Amino acid sequence: MFMAEKSTGHLIEIMDTHALFDPHVSRVKGCMHYGEEAQDPEFFDKSALAFASGEVLPRCWTDPYYRRKG
């Protein structure tokens, strides 16, 4: 799955989508796709990611207590 880095707009291929969907995990492993080839895997904070369209991540992916808040 590809996500975008908010600050640069560069695409990041998420290596572990289960971690992306898990609200208890704040960082995900991915490879930035910038330039000629994919870069080495590194960890990215979920707060720095968005969908390629610019939409933010759903709250249920980032906040383990999303059901308790109004």
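Start with the sheet: in this predicted model, five strands line up in the order β4-β3-β2-β1-β5, forming an open sheet with antiparallel pairing. If sheets are new to you, their strands pair through backbone hydrogen bonds, either parallel or antiparallel.

Next, select residues 42-45 and 49-50. These are β4 and β5, and they stand at the edges of the sheet. Each has a single partner strand, so one side of each is left without a neighbour in the sheet.

Stay with β5 and add residues 2-5, which make up strand β1. Two bridges join β1 and β5 in the antiparallel sense. Which residue of β5 does E5 stand opposite? Zoom in and you will find L49 there.

Now show the side chains of M3, I12, I14, A19, L20, V28, M32, F44, L49, L57 and W61. Together these eleven residues form the largest nonpolar core. Colour β2 (11-14), α1 (17-21) and β3 (27-33) as well, since each of them supplies at least two residues of this core.

Pick F44 from that group and look around it. Leaving aside residues up to four places away in sequence, F44 touches E5, I12, S26, R27, V28, G30, C31, M32 and L49. You have already met L49 opposite E5.

For the last stop, select C31 and C60. Is C31 buried or exposed? Its relative accessibility is 8%, so C31 counts as buried, the cut-off being under 20%. C60, in contrast, is partly exposed, with a relative accessible area of 31%. You can stop looking for sulfur bridges here: a search of the whole structure finds zero disulfides.

Definitions and conventions: Residues numbered from 1 in each chain as written. Predicted model: local features only at pLDDT ≥ 70, side-chain atom pairs only at ≥ 80, totals over all residues. Heavy atoms only, no water. Core = buried A, V, L, I, M, F, W, Y, C linked by side-chain atoms within 4.5 Å. Buried < 20%, exposed > 50% of the residue type's maximum accessible area, 1.4 Å probe, protein only. Helix = DSSP H or I, 4+ residues; strand = E, 2+ residues; numbered from the N terminus. Contact = heavy atoms within 4.5 Å. Disulfide = S-S within 2.5 Å. Pairing = 2+ DSSP bridges.
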